[in-house]
Amino acid sequence: MTAKTSSVSQIAMHFFTALFALCSTFAAAQNSTKSLNKTSVQELKNQKMTAVITRYEVKKEFQEKFQKALSGYVLESLSKDSNIMSEAYFEQDNQTVIWLFERWTNQNEFNKFKTNSKAKAINTLEKTALVKPEKVIYVQDLEPLSKQEWRKTSKTEDKQLTIMLFVDAKPGTEENFKNVYHTAMPQFRSEPGVVTYQLSQLNDDSTQFVTFEKFRSNDAFQYHLNFPPIQPVIDYLNTSIKKQPFQDGIHNLIEFAPLTRE
């Protein structure tokens with residue numbers, strides 16, 4: 001081997017050694033990035049969403065004023081990135097009963113918004129406008145929806161029908177109820193007349209559940225009642241809740257905020 005050939009071989013060896021080291025460094029950086037991304041995703045999963053239902057019973061003379069204040073609260077909350085959904089309704093059969101539904105990315109964001117001026121206005125008004133203190137119900141969503149799914153709306157020409165059903169299950173039957181809904185939920189949500197369909201379990205009592213069902217019209221609701229996948233749910237409600245008939249737990253709701261339509 002000549003001196004020239006030996007020199008070229010040494011240069012090539014140094015080149016491939018440097019290239020190997022560079023590739024190793026790049027691979028390590030990729031692994032580090034993947035690890036970081038995995039951690040970030042896990043951290044997001046660990047951020048437990050806060051879902052809250054608040055019931056207000058308002059004196060008749062304060063009804064309009066309270067609805068206006070609560071509408072302001074809803075619109076302000078919807079403008080926050082940390083808000084998933086916020087909607088307000090009164091009961092069809094008793095307009096003095098008002099329900100506020102909220103979902104936030106976590107409890108800290110919810111608490112932070114409670115210091116907002118719109119929230120403080122509600123707190124001030126509550127002192128004179130309510131028949132009795134509001135009832136706050138924390139729930140855990142089963143088969144949870146994304147923010148985009150929660151923000152789906154009815155169309156302008158729709159005659160939206162919103163149903164809330166409280167279910168007080170017999171102890172020991174809770175898992176059966178959840179399993180029945182786990183099977184039926186994808187089919188319910190695929191119905192053309194369904195806008196939103198959510199089942200939640202109360203945090204303070206695992207035997208209590210609440211469904212929130214939003215349909216485009218009464219016809220869509222009637223279709224749902226005759227939809228074959230609902231039969232196991234009806235069978236459960238007819239046999240496994242503490243007080244019959246289950247229809248006594250149904251609340252027909254009329255939306256007044258935010259009233260967003262496609």
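In this predicted model, the buried residues of helix H4 are covered by elements that include strand S1 (50-57), helix H2 (63-78) and helix H3 (107-113). The buried set of H4 consists of Ala119, Ile122, Leu125, Glu126 and Ala129. These residues lie on the same side of H4, because the arc that they cover around the axis is only 125°. Such an arrangement can be read against the general geometry of the α-helix: with 3.6 residues a turn, residues three or four places apart point the same way. On the face of H4 turned away from the buried side, the exposed residues are Ser117, Thr124 and Lys127.

The length of H4 was also examined. Helix H4 comprises 13 residues (residues 117-129), and at 1.5 Å a residue the expected span is therefore 18 Å. The C-alpha atoms at the two ends of H4 are 18 Å apart, in agreement with that expectation.

Attention then turned to pockets. The largest pocket of the model has a volume of about 280 Å³. The lining of this pocket is formed by 13 residues, of which Phe166, Asp168, Lys243, Asp248 and Gly249 are the closest to the centre. Two elements, strand S5 (161-168) and strand S7 (208-215), each give two or more residues to the lining. Strand S5 gives the most, with three residues. By residue class, the lining of the largest pocket contains six nonpolar, three polar and four charged residues.

Methods:
Residues numbered from 1 in each chain as written. Predicted model: local features only at pLDDT ≥ 70, side-chain atom pairs only at ≥ 80, totals over all residues. Heavy atoms only, no water. 1 Å grid on protein atoms, 1.4 Å probe; cavity = no way out; pocket = protein on both sides within 12 Å on 5 of 7 lines; lining within 4 Å. Points joined across faces, edges and corners; volume = space filled by probe spheres on them. Helix = DSSP H or I, 4+ residues; strand = E, 2+ residues; numbered from the N terminus. Nonpolar A, V, L, I, M, F, W, Y, C, P; charged D, E, K, R; others polar. Expected span 1.5 Å × (residues − 1). Buried < 20%, exposed > 50% of the residue type's maximum accessible area, 1.4 Å probe, protein only. Arc of directions from axis to C-beta. Contact = heavy atoms within 4.5 Å.
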